[in-house]
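Visitor: I'm new to this one. Could you show me how to read it, feature by feature?

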Amino acid sequence: MDDGGIALDVRPVEQFAAAHVPGSINIALSGQFASWAGAVLGLSARPILIAETPDQVNEARLRLARVGIEEVRGYLDGGVAGWTSAGFEAAQLPQMTVQELSRRLGDPDLRVLDVRRQGEWDAAHIADAEWYPLDRFKAALPPLENDGKIAIHCKGGYRSMIAASLLQRAGFDVINVTGGFDAWEQAQLPTTATVVVGA
Amino acid sequence: MYFEQFYLGCLAHASYMFGSDGQAAVVDPQRDVEIYIEAAERHGLQIRYIFETHLHADFVSGHKELAERTGANIYIGKAAEATFPHVGVSDGSEVHVGRCLVNVLATPGHTLESICLLLTDEEKSPTPFAVLTGDTLFIGDVGRPDLSKTYTPPQLAGMMYDSLHQKLMTLPNEVLVYPAHGAGSLCGRNMRAERSSTIGTERLTNYALQIKDRDEFIQQMTANLPARPDYFLEDAAINRAGATPLTDLP
């Protein structure tokens, strides 16, 4: 892990959140795995795969190859269970419901980061949130001060975990918002849209 | 006649296989080609033709591997300047897949070499029943015009306008539309979740087709484009040369 390699955990977001290898990033097989792996890691990535079963490892290898990521360096034998049984510490990624987020919106040490696409942000977003789409993470992480917690959300909770794991890897104190903006809207919490000033 | 759509949710990618009289064609195959070989076997067909509607930027195609395993020929627009063995097609090219007639429509816009395939089931009717539109026309959207290294988005958008109105929109309303991507793909910005449509439905409901002024179309199509991952250009280059067979990977 010291030579710039990347540990890619392909398990579902809840499992990753509960326990994962510190520094690993999460792109779950359950979503648009190949597209996001390509966009976030790039084709020259040489990931080490972390999964629950050998079948998952093989599935991940195939789906990565479909987008052109061909050099998987290997996989973690025994997955996260193997890691912890060998005596290594697992990391957690805290989760937060939208109700909790709503309650904590005024907190001076909590920022909210929306990682959805521009169109989604423009249509409706949380008024206090900052915006930095996941697509840009490969070029550069969001220019945030590392002072306090960052609650990250997307539409449903898939992309936000990718983003949260990338930021956690870089040393930020992150919280993933479960259910994402969909849950926020379902709970009828207030939103605002980008106002376009007429030309 | 046999016709099947294969849909890969992970990449929002649709590929097709169709044929008759023992012959089959595969359009825009995904990298793992076993599914086509197995389907062909199940239906008693030999894959003789592989069509690439264009050089895909968002996934690695299995065209070269499928050709090597089946002996099929790959048909792709001449303008692709593909370096793998292939048959270069242009506007008006015709290919018979058993008794299914394939007419090639040159439809530059998403890429210079983009083509659409008009299918006629000669056993049933002399009029075409479907058009496979690659990334030119999506359900509810059209392909993005900013993926070329040699043409500007406004140039490609202009070509796209002409391709849509001079070629695709002149087809009868009943012709089924089968694109290469669905909702979730980064190749367009606003696709609907359905897997097929008709020319008539798109004519009435596709926002891009409602724009009747060419300059206005260019303006709208080049504004607010979705993010473009770096790997898009790399995948297109891999597809121009043909990818390593899956089994040869480390």
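Guide: Sure. A word on domains to begin with: their bounds come from an automatic or database domain assignment. Keep in mind too that this is a predicted model.

Visitor: Into which domains is chain A divided?

Guide: Chain A has domain 1, covering 6-85, and domain 2, covering 95-186. The C-alpha centres of these two domains of chain A are 22 Å apart. Where they touch, 14 residues come from domain 1 of chain A and twelve residues from domain 2 of chain A.

Visitor: Which elements supply the side of domain 1 of chain A that touches domain 2 of chain A?

Guide: At least two residues each come from helix 1 (13-18), strand 2 (25-26) and helix 2 of chain A. That side of domain 1 has nine nonpolar residues, five polar and no charged.

Visitor: How many residues does each chain give to the contact of chain A with chain B?

Guide: Chain A gives 22 residues and chain B gives 23 residues. On the chain A side, helix 2 (33-41), helix 3 (54-67) and helix 6 (118-123) each give two or more. The residues on that side are eight nonpolar, seven polar and seven charged.

Visitor: And helix packing: at what angle do helix 3 and helix 6 of chain B pack?

Guide: About 130 degrees, with the axes 9 Å apart. Angles over 145 would count as roughly antiparallel and 65 to 115 as roughly perpendicular, so these two helices of chain B are oblique to each other. Their crossing is right-handed. Among the residues in contact are Tyr161(B) of helix 3 and Phe217(B) of helix 6.

How values were computed
Residues numbered from 1 in each chain as written. Chains lettered and ligands numbered in written order. Predicted model: local features only at pLDDT ≥ 70, side-chain atom pairs only at ≥ 80, totals over all residues. Contact = placed C-beta atoms within 7 Å. Helix = DSSP H or I, 4+ residues; strand = E, 2+ residues; numbered from the N terminus. Nonpolar A, V, L, I, M, F, W, Y, C, P; charged D, E, K, R; others polar. Axes fitted to C-alpha atoms, helices over the stretch in contact; angles between N-to-C directions. Parallel < 35°, antiparallel > 145°, perpendicular 65-115°, else oblique. Left-handed = near helix turned anticlockwise from the far one by under 90°.
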